[in-house]
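The following exercises are to be worked with the sequence and the structure at hand. Each consists of a task and a solution that proceeds step by step.

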2 protein chains.
Amino acid sequence: MSSPDVPPADPAAEADRVPVTQRAIEQIKAMIADGTLRPGQRLPTERELAAELGLSRSSMREAIRALTTLGVLEARHGAGVYVTALRPADLLETFSVLAEVARGETLVEVLQVRRILEPAATALAAARADDDQLRRLGTVLERIGRDEGIGDTVAADLSFHQAIVEMTGNTTLAAINGGLSSRTFKARVWHGHHEAGVVARLREDHERIYRALLARDPDAARAAATMHVLEVENWLCAHLDDFA
Amino acid sequence: MSSPDVPPADPAAEADRVPVTQRAIEQIKAMIADGTLRPGQRLPTERELAAELGLSRSSMREAIRALTTLGVLEARHGAGVYVTALRPADLLETFSVLAEVARGETLVEVLQVRRILEPAATALAAARADDDQLRRLGTVLERIGRDEGIGDTVAADLSFHQAIVEMTGNTTLAAINGGLSSRTFKARVWHGHHEAGVVARLREDHERIYRALLARDPDAARAAATMHVLEVENWLCAHLDDFA
DNA sequence: CGAGTAGAAGTGGTCAGACCAATTTTTCCA
DNA sequence: TGGAAAAATTGGTCTGACCACTTCTACTCG
């Protein structure tokens, strides 16, 4: 039932199976989880940490690199290693790789998740947005679909959706939804609609969302957001071959 | 407008500001994004990669460690470095750190996201589940709230929710939702309800969800899932001080 | 001839020590 | 007393070595 070729029970050899670097990662992660290390706190130097945890500096650096990648640590050249603020945005930065390397069927799944999150977020935003946020959103909307190059349209598109989810006041929601859409994917969507001569439809999608927000109408906002994601989803399914 | 103390334009010095390890990470990530490296493909050895990208093996290893942490590469001791299958589950494993280190207000945000995702997922499951999946879900449900130790109840609770989101057939959705609930948090919820003598309420929440799925009733499933997450959310807000 | 095994080669994991580059702190002069 | 130069601190990179695990090879034995 248990692992083979393990004689009886093994006291210290058990921990010896797990690589030292991995062990260090888990030790530091545990110290953060149980509050021994607080957000923003400075850690000992790499050399001291290596000595305390009983491994070489190279391996210690690999552990720090892993935790840096996860967004829990931050190394500042010449100034030390620190625990990040542990904000959702810090910890969910890694999330964007999904949108970056996803292809084919996975992209469809990602859009289906967005079709769940964005309508809910947009409805929340309709209920919570203040005049100032809406005014700024209007200026972003104006940049979408103009004839000043697709590059700026894509940037404005990203800003538009990001601004809306941030209106919910839920930074975790904003970080997750932000990680689900990559600039490169949005660029392909706009290019595709441009070649098909239906850029106006995408532009109108955003206008409908904006008007629903202005009207503080959660139901209309939800519907408009759903239709927008659905539009992209349908386009993707029709061009799935190009995303192999 | 641009960065200060940069004389005119700088050709090669621009790339020299970016640490070599970071550059290697981006190069390999780009090769995966553009299809040069395919899922499951084997990479050259660390020594060869280091030589090709023009950096030392130590720095190359740190780059590989970062990409391993992100779930795009996988190093097998003695056997080489490989691109993972790039499944959503591979890329979203890092997601769990959020639930692990989150505390206080962030936990509330996480639950609010779950209150969006879980009802939608449960409604989808109600429409798509087959008899076999439902039968297995029933056996898991029986283990929830028994008097055989909270440990098994927590494990069954996790399995229950995971099984439901997997019924949607959307592995990305399953991976995201899975990362939003940690075993330790669920354990505290059950302990809290146990001490307050309201374990039955949690148990009934799960039964209601199960009955809605059996009835293939998406609306009822959505409502039951919403109420369940709300129950946990309310409990958390009442005990937020314990999660500082 | 084939199966199994022992050895060799290949490859990731760890360690040691050195030097470079950015930051911070200290020192000391104007 | 203010500020600039110098020293100390600390992360970033490189080199080269050795260990542990896997895979391949070739040999031996039935």
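**Exercise 1.** How many residue pairs are in polar contact between chain B and chain A?

*Solution.* The model is predicted: local features need pLDDT of at least 70 and side-chain atom pairs count only at pLDDT 80 or more, while totals for chains, interfaces and linings use all residues. Residues are numbered from 1 along each chain as its sequence is written, chains are lettered from A and ligands numbered from 1 in the order in which they are written, and side-chain values use heavy atoms, with hydrogens and water left out.

Step 1. A polar contact is a pair of N or O atoms within 3.5 Å; within protein, one must be able to donate a hydrogen and the other to accept it, and residues adjacent in sequence count only if both atoms are side-chain atoms.

Step 2. Between chain B and chain A there are 15 such residue pairs, both residues being at pLDDT 80 or more.

Step 3. On the side of chain B that touches chain A, the largest share, 8 residues, comes from α7(B). Helices are DSSP runs (H or I, at least four residues), numbered from the N terminus.

**Exercise 2.** Determine how many salt bridges link chain B and chain A, and give an example.

*Solution.* Step 1. A salt bridge requires a side-chain nitrogen of Lys or Arg within 4 Å of a carboxyl oxygen of Asp or Glu.

Step 2. The count between the two chains is 4. One of the bridges joins the side chains of E62(B) and R61(A), at 2.8 Å from N to O.

**Exercise 3.** State the area that chain B and chain A bury between them.

*Solution.* Step 1. Buried area is the accessible area (1.4 Å probe) that two parts lose on being put together, summed over both.

Step 2. Chain B and chain A bury about 3,800 Å², with 65% of it on carbon and sulfur atoms.

Step 3. In chain B, the residues that lose the most area to chain A are E62(B), R65(B) and V101(B), together 16% of what that side buries.

**Exercise 4.** Which atoms of S56(B) and R57(B) approach DNA strand D?

*Solution.* Step 1. For S56(B), a polar backbone atom is 2.9 Å from a phosphate oxygen of the strand.

Step 2. For R57(B), an N or O atom in the side chain is 3.4 Å from a base nitrogen of DNA strand D.

Step 3. α4(B) gives the most to the surface near DNA strand D (heavy atoms within 4 Å), with 3 residues.

Technical notes. Helix = DSSP H or I, 4+ residues; strand = E, 2+ residues; numbered from the N terminus.
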